[in-house]
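The exercises below are meant to be worked with the sequence and the model side by side. Please attempt each task before reading its solution.

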Amino acid sequence: MDFGTAVDDSTAPDGVQVAILEAAAPRFSGGGGPVAGVFTDDVDDVMRWVLSLDRTCVPLHGPPGTGKTWMGAHIALALVKAGRRVGITAMSHSAIDNMLHELIEVFTDAGCIDQLHVARIGAKDSTPQHDAVQCVKDAKAVKADCNVVAGTTWAFSNKALRESPVDVLLIDEAGQLGIADALAASSAAGSVVLLGDPLQLPQVAKATHPGRSGVSVLEHILGEGVATVPPERGVFLSTTRRMHPDVCDFISQEIYEGRLAAHESCGLQRTAHGTGLRWLRATHSARSTESLEEAELVAEEIRRLIGSPWTDSDKSQRTLGIGDFMVVAPYNDQVRLMRRVFDADPALKGIKVGTVDKFQGQQAPVVFFTMTTSTSDDMPRGPGFLFSRNRLNVALSRAKCLAYVVCTDELLNSRAKSVEEMKLISTLCAAVDYAAARQA
């Protein structure tokens with residue numbers, strides 16, 4: 001409200017809030033910034049220019065498995081060593097604490113853990129229990145000697161932090177954070193770095209917002225129709241250390257404009273049943289939010305795979321066990337059905353099953369995505385949900401080695417009613433075509 005009033009009165013200072021609102025290009029002081037104005041994903045390069053941020057906002061686009069949190073921790077390391085104060089915020093407490101765990105590891109490896117002094121506002125069970133972390137109730141209790149302040153966007157919009165701002169605020173999960181939230185939190189920061197991926201799950205919205213005011217802050221900064229951040233506007237992390245090239249190639253071409261590549265170590269990952277995408281053709285009708293046919297099809301395939309050899313990226317070898325499988329479903333009804341099917345078989349009990357939302361950020365050697373619905377006429381929420389490119393991206397990119405799409409022929413033959421629906425359906429068809437070619 002304060003910032004909105006200032007904008008309305010034309011009294012808003014030329015700071016990071018205005019830069020975010022205007023989606024302005026990054027600016028730097030003292031001749032700093034990326035070499036020749038082009039951002040790279042080299043960690044030393046990032047740690048250099050982050051010291052020259054000038055009341056600005058820089059996006060850091062991190063696809064699955066590219067080390068976004070690791071890069072964020074190194075940004076904090078560079079700033080703290082330079083005597084700056086860093087803020088860490090996100091939509092969820094788990095994301096905040098995940099960053100703090102990474103911070104402790106990075107500072108320890110760098111031999112300067114004694115320099116890290118964290119004030120964690122509103123600590124949770126997931127908060128690291130470490131001498132470097134001090135848990136405080138609210139922003140008023142943050143001591144002046146704390147060089148890292150971590151809390152929700154609500155904490156950073158508090159008057160106490162606005163009067164004692166951090167030099168740089170790291171916003172994790174920025175692809176799920178609304179513009180208003182980012183503007184409120186950035187009132188307590190000199191500059192902002194946005195860490196996230198707008199091509200994974202979007203922010204949850206419970207209302208209709210005019211124009212593009214309902215998109216995430218990261219989508220807002222990148223601009224309409226821009227899938228990956230241009231090299232002159234921010235950092236794109238281009239190497240995944242999760243997906244085998246046979247999985248990564250599809251994800252890269254269909255989702256990330258061909259800019260994502262697998263680290264060479266990922267090529268060492270393999271199973272006795274191959275690598276890449278697979279299609280399990282399901283046969284059923286009148287299924288909407290649950291399909292016993294697909295549940296049994298997945299169970300049968302896991303029984304075939306379990307106990308077979310698996311080689312990880314570090315060349316270690318073992319057999320596939322319960323913890324090496326992940327089953328993703330679009331609907332909670334299908335999740336519950338899958339759970340019952342697995343629990344009824346002692347050999348499959350304990351296999352991870354959940355919706356796309358539950359598994360974002362996780363990984364497994366083998367992943368199944370059961371589409372569940374028989375035809376487009378049976379969709380309970382329309383094609384925008386089931387055929388979401390972002391959801392397909394999250395589901396398949398959990399896989400280190402093998403990714404299965406489970407669906408009917410009839411679902412693939414859905415008729416599009418708009419150009420957008422055509423894009424959504426074509427992406428799913430591309431996944432199945434890619435899988436079919438590999439299987440052939």
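**Exercise 1.** Determine how many helices and strands the protein chain contains, and judge how compact the chain is.

Solution. Counting DSSP runs from the N terminus (H or I over at least four residues for a helix, E over at least two for a strand), one finds 17 helices and 18 strands in the protein chain. The radius of gyration, taken over C-alpha atoms, is compared with the globule rule, 2.2 Å times the number of residues to the power 0.38. The chain has a radius of gyration of 23 Å, close to the 22 Å given by that rule for 440 residues, so it is as compact as a globular protein of that length. The C-alpha trace spans about 60 × 50 × 45 Å along its principal axes. This is a predicted model, in which local features need pLDDT of at least 70 and side-chain atom pairs count only at pLDDT 80 or more, whereas totals for chains, interfaces and linings use all residues. Residues are numbered from 1 along each chain as its sequence is written, and side-chain values use heavy atoms, with hydrogens and water left out.

**Exercise 2.** Work out what share of the 440 residues is buried, and then examine the cover of helices α4 and α15.

Solution. Buried means under 20% relative accessible area, exposed means over 50%, and partly exposed lies in between (1.4 Å probe, protein chains only); by this criterion 54% of the 440 residues are buried. Helix α4 covers residues 68-81 and reaches 20 Å from its first C-alpha to its last, close to the 20 Å expected at 1.5 Å a residue, where the expected span is 1.5 Å times one less than the number of residues. Twelve of the 14 residues of α4 are buried, among them Met71, His74 and Leu77. Just after this helix, Gly83 takes a positive phi of about 85°. Helix α15 (residues 389-396) is likewise mostly covered, with seven of its eight residues buried, including Asn390, Arg391 and Leu396. At the start of α15, a side-chain oxygen of Ser388 comes to within 3.3 Å of the backbone nitrogen of Asn390.

**Exercise 3.** Give the strand order of the open sheet that contains β13, and locate Lys315 relative to it.

Solution. Two strands pair if DSSP finds at least two bridges between them, and the three strands of this open sheet follow the order β11-β13-β14 with antiparallel pairing. The edge strands, each pairing on one side only, are β11 (270-271) and β14 (317-319). Three bridges join β13 (residues 309-311) to β14, and Thr311 has Gln317 as its bridge partner in β14. Lys315 sits in the loop between β13 and β14 and has a positive phi of about 75° although it is not a glycine. Most residues other than glycine have a negative phi. Lys315 counts as exposed because its relative accessibility is 61%.

**Exercise 4.** Describe the surroundings of Thr372, beginning with the loop in which it lies.

Solution. Thr372 belongs to the loop between β17 (364-370) and α14 (383-386). Because its relative accessibility is 0%, Thr372 counts as buried. The side chain of Thr372 reaches the backbone oxygen of Thr370 at 3.2 Å. Taking contact as heavy atoms within 4.5 Å, and not counting residues up to four places away in sequence, Thr372 touches residues including His284, Arg287, Glu290, Tyr331 and Val406.

Note on methods:
Polar contact = N/O pair within 3.5 Å; in protein donor to acceptor, adjacent residues only side chain to side chain.
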